[in-house]
Amino acid sequence: MLPKTTCLFAILFTTLVTLSLTGCDSGWSGVHKEAGPVPLSSPDKPIVRLVDKRTSFEIGEQTRLFWDEGKGATLAGDRVKSLYESIPKELHDRLYSTRDVPNNLYPPLRNTPGTTYEYIYDTWIIVVSLNPDVLIVSAYKTPVGPHDKQPRSWNSLLIDKARYGYLKGHVDHIPEVRWPIDAGTLVPWSDEMYVFSTDSRVKSGRLTFEGNRAEVLLPVGKLLLVHHKDDVDVSRE
């Protein structure tokens with residue numbers, strides 16, 4: 001039998017651990033308005049950004065993103081599903097294609113015979129407009145073997161605090177979707193960029209820049225894209 005003091009310590013330790021673990025799960029906060037970047041929209045249909053958050057011991061902070069366009073909160077991932085599916089399957093399959101490479105190219109697998117796979121492209125998808133719904137795709141063909149995510153100035157592990165804050169102020173990640181997708185008014189620059197929309201009146205296809213500028217004509221007005229360094233600013237006129 002354990003000494004009485006040992007038993008008391010064990011009970012106290014177990015209680016503290018239990019309280020600590022349960023205390024680390026704050027539960028969902030409830031859907032509420034929170035400042036952050038949103039896609040562009042028409043003046044008569046402003047977008048309100050809403051979130052629901054919780055913090056758990058196992059996962060850390062989780063965020064569910066919602067948009068209210070005047071008809072109540074809608075989960076952002078559900079809202080952009082049809083827009084995401086407007087990307088032609090042939091292009092989508094190419095931009096998420098993989099290639100086999102020798103294991104010895106990757107240090108953790110260096111002593112493992114055979115091959116592994118890697119993605120051929122770094123693909124960025126940004127929802128830049130709602131009503132009409134428009135997204136822009138930027139694609140970077142990557143070198144074989146380990147490499148930094150391209151462009152480097154969009155890699156959260158490599159950029160400084162000021163750059164990180166700038167991106168967070170212009171681009172919002174949409175969680176709970178199969179492939180990475182973001183929303184906002186800034187897009188990574190690439191030599192290979194596309195625009196797609198669920199509105200048939202918006203011309204979809206590969207973007208062409210002239211003098212660092214490109215335009216996407218909308219049923220009313222246009223999107224103006226301005227390229228500088230690794231960024232493309234998107235505004236609505």
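**Entry 1: the largest pocket**

I began with the lining of the largest pocket and sorted it by class: 10 nonpolar, four polar and eight charged residues. A reminder to myself here is that I am working on a predicted model. Next I looked up the volume, and about 570 Å³ of space lies in this largest pocket. Which residues are the closest to its centre? Out of 22 lining residues, they are Tyr 164, Lys 168, Val 171, His 173 and Asp 182. I then asked which elements each supply at least two residues of this lining. My list reads β3 (48-56), β4 (60-68), α5 (161-170) and β10 (171-173).

**Entry 2: the strands β3, β4 and β5**

Since β3 and β4 both turned up in the lining of the largest pocket, I followed their pairing. How many bridges hold β3 and β4 together? I found nine, in the antiparallel sense. One pair I noted down is Val 51, which stands opposite Leu 65 in β4.

From β4 I moved on to β5 (residues 73-75), which is joined to β4 by three bridges and runs antiparallel to β4. Here Trp 67 has Thr 74 in β5 as its bridge partner. The two strands β4 and β5 form a hairpin, with four residues between them. I checked the backbone in that turn too, and Gly 70 has a positive phi of about 105 degrees.

**Entry 3: the second largest pocket**

Back to pockets: I looked up the second largest one, and its space comes to about 350 Å³. It is lined by 18 residues, and the closest to its centre are Tyr 121, Asp 122, Thr 123, Lys 149 and Pro 180. Two elements give two or more residues to this lining, namely β7 (115-119) and β8 (121-130). Which of the elements has the largest share of the lining? I have β8 down for that, with five residues. By class, I get nine nonpolar, four polar and five charged residues for the second largest pocket.

**Entry 4: a four-stranded sheet**

Last, I traced an open sheet of four strands and wrote its order as β12-β17-β16-β15, with antiparallel pairing. Where are its edges? They are β12 (186-188) and β15 (213-217), each of which pairs on one side only. I also looked up the twist, and from one strand to the next it averages 25 degrees.

Within this sheet I took a look at β16 (residues 222-228) and β17 (residues 231-236), an antiparallel pair joined by six bridges. His 228 stands opposite Asp 231 in β17, so that pair goes into my notes as well.

Notes
Residues are numbered from 1 along each chain as its sequence is written. This is a predicted model: local features need pLDDT of at least 70, side-chain atom pairs count only at pLDDT 80 or more; totals for chains, interfaces and linings use all residues. Side-chain values use heavy atoms; hydrogens and water are left out. On a 1 Å grid over the protein atoms alone, a cavity is a set of points where a 1.4 Å probe fits but cannot get out, and a pocket is an open set with protein on both sides within 12 Å along at least five of seven lines; lining residues have an atom within 4 Å of a point. Grid points are joined across faces, edges and corners, and a volume is the space filled by probe spheres set on the points. Ala, Val, Leu, Ile, Met, Phe, Trp, Tyr, Cys and Pro count as nonpolar, Asp, Glu, Lys and Arg as charged, and the others, Gly among them, as polar. Two strands pair if DSSP finds at least two bridges between them. Axes are lines fitted to C-alpha atoms, for helices over the stretch in contact, and angles run from 0 to 180 degrees between N-to-C directions.
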